[in-house]
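Please open the model in your viewer and keep the selection panel at hand. The stops below are meant to be followed in order.

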2 protein chains.
Amino acid sequence: MNISTASKAAGLPAKTVRYYADIGLVPAPARSESGYRSYDDASVRKLVFVRRAREFGFSISECRELLGLYEDRRRSSADVKRIATARLEEIGKKQRELQSLHDELAHLVDACRGDDRPDCPIIDSLGDPGGGVRKSP
Amino acid sequence: MNISTASKAAGLPAKTVRYYADIGLVPAPARSESGYRSYDDASVRKLVFVRRAREFGFSISECRELLGLYEDRRRSSADVKRIATARLEEIGKKQRELQSLHDELAHLVDACRGDDRPDCPIIDSLGDPGGGVRKSP
DNA sequence: CTTGACCTTCCAGCTGCTGGAAAGACTAGA
DNA sequence: TCTAGTCTTTCCAGCAGCTGGAAGGTCAAG
C-alpha cells in the first residue's frame with residue numbers, strides 16, 4: 001500500500017503520515033525498491049489510533065504513550081485511565097476558562113450599542129488595566 | 001521609561017513588548033542616545049490594551065484591528081462590536097466542541113475499570129476507525 | 001514515448017511568543 | 001577609579017503540529 005492509499009484509509013493527509021514517521025511517533029514503514037513507503041494494515045490501524053487520539057486533543061507525547069499501551073498486551077487499564085483522566089481535567093479547566101471569557105465578552109457585546117458613534121464599552125474595557133475585575137464592591 | 005519599567009506597568013514580559021514592536025503591532029518606541037528603548041504613558045496604555053485583548057483570545061491581527069479602532073476617534077462602535085461578536089461566536093463553537101469531547105471522554109473514562117488488567121474501552125475506542133459515532137441506531 | 005499522477009527529499013513558514021548567547025550601558029559601592 | 005551587578009541591545013533558535021512548495025524520480029495508461 002502506497003502512502004496515499006494508507007493515508008486515505010487512516011483519514012490523515014499524506015504529509016502528516018510522513019511527519020508522524022519522521023518524529024518517530026509511528027514506526028518508519030518499509031520501502032519499495034524505488035524508495036516508496038509501503039504500508040500494511042497494522043500500520044494503518046496505528047495511524048487511525050493516533051488520529052483518533054489527536055481528535056481527542058491528546059498531545060503528540062501523550063499519543064506516544066497511549067500508542068505504547070495500545071501495543072502492549074500486558075498493559076494495565078489503570079495506566080490508560082490515568083492519562084485520559086488527566087486529559088479530562090485539562091478539558092474541564094479549558095471549559096471553565098472559556099466560560100468566564102464568554103460571559104465577560106458577552107456582557108460587553110451586550111452593552112455596546114453597535115451604532116455609528118464612537119462610544120464603546122468593549123474598547124473602554126480593553127483599555128482598562130485591570131478591566132473586568134470588580135474592586136471591593 | 002526603560003523597557004522593564006514599561007513592561008511591568010503593562011503586565012507583559014519585556015521580550016513580548018519588544019516582539020510587539022518588531023511585528024509592528026505597537027509603534028516602535030523612541031530610543032535614548034545609547035540605543036535604549038524609551039516608553040511613555042501612551043505607549044504603556046496601548047500595551048495594556050493589547051494585553052487585555054490577547055487575554056480575551058483575540059488574535060494578533062484582531063488586536064491590530066482593535067488597536068486601530070482604539071486610536072481612531074471617529075470609529076463606530078458597530079465596527080468594534082462586529083469583531084467582538086465574531087470572537088464570541090468562535091468561543092461558543094469551541095465550547096460546544098469541548099463539551100462533546102468532554103462527554104465522550106468522560107463516558108470512556110467512566111467505563112474503564114482502571115485496574116491492572118489490559119481490557120480498556122478507552123484504548124478500544126481509540127483504535128476504532130469511526131470510534132464514538134453511532135451508526136443507524 | 002509522452003503525459004500526468006504519484007512518490008521522494010528538503011526547506012520554509014504558520015502563531016505567539018520564549019530562551020539564550022554575546023556584547024554594550026549604567027549605577028552603586030569600595 | 002575600578003569593579004561587580006544589573007540593566008539593555010541584537011540575533012538566532014526552538015516550542016507544537018503540522019502544511020505548502022520546489023525540484024526531481026517513478027510508474028501506469030494511452
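Begin by selecting chains A and B of this predicted model and superposing them: a turn of 180° with a shift of 0.0 Å along the axis lays chain B on chain A with an RMSD of 0.1 Å. The two copies are therefore related as by a two-fold rotation axis. To find that axis from the side of chain B, select B:Gln95, whose C-alpha is the one in this chain nearest the axis, at a distance of 3.2 Å.

Next, colour the residues through which the two chains meet. Of the interface residues of chain B, 100% are also interface residues in chain A, so the copies meet through the same surface.

Now turn to DNA strand C and select the protein around it. Which residues lie closest to this strand? Among the 19 residues that surround DNA strand C, the closest are A:Arg37, B:Lys15, B:Tyr20, B:Ser34 and B:Arg54. If you then look at the atoms of DNA strand C that come within 4 Å of the protein, sugar and phosphate account for 69% of them.

Colouring this surface by residue class shows seven nonpolar, six polar and six charged residues near DNA strand C. Colouring by helix instead, you will find that helix H1 (3-10) and helix H2 (14-22) of chain A, as well as helix H2 (14-22) of chain B, each supply at least two residues. The H2 helix of chain B gives the most to this surface, namely four residues.

Three polar contacts with DNA strand C can be visited one by one:

- Select B:Thr16, where an N or O atom of the side chain is 2.9 Å from a phosphate oxygen of DNA strand C.
- Move to B:Ile60, where a polar backbone atom is 3.5 Å from a phosphate oxygen of the strand.
- Finish at A:Tyr36, where a polar side-chain atom lies 3.5 Å from a base oxygen of DNA strand C.

For the last stop, show the aromatic rings, which form six aromatic pairs over all chains. In one of them, the rings of A:Tyr19 and A:Tyr20 have their centres 6.0 Å apart and their planes at 45°, so this pair is tilted. Are these two side-by-side selections buried or exposed? A:Tyr19 is partly exposed, with a relative accessible area of 43%, whereas A:Tyr20, at 6% relative accessibility, counts as buried because the limit for that class is under 20%.

Definitions and conventions
Residues are numbered from 1 along each chain as its sequence is written. Chains are lettered from A and ligands numbered from 1 in the order in which they are written. This is a predicted model: local features need pLDDT of at least 70, side-chain atom pairs count only at pLDDT 80 or more; totals for chains, interfaces and linings use all residues. Side-chain values use heavy atoms; hydrogens and water are left out. A residue is near a molecule or strand if one of its heavy atoms lies within 4 Å of it. A polar contact is a pair of N or O atoms within 3.5 Å; within protein, one must be able to donate a hydrogen and the other to accept it, and residues adjacent in sequence count only if both atoms are side-chain atoms. Ala, Val, Leu, Ile, Met, Phe, Trp, Tyr, Cys and Pro count as nonpolar, Asp, Glu, Lys and Arg as charged, and the others, Gly among them, as polar. Copies are superposed by least squares on the C-alpha atoms of residues with pLDDT of at least 70 in both. Contact means heavy atoms within 4.5 Å. Rings of Phe, Tyr and Trp (its six-membered ring) pair if their centres lie within 6.5 Å; planes under 30 degrees apart count as stacked, over 60 as edge-to-face and the rest as tilted. Buried means under 20% relative accessible area, exposed over 50%, partly exposed in between (1.4 Å probe, protein chains only).
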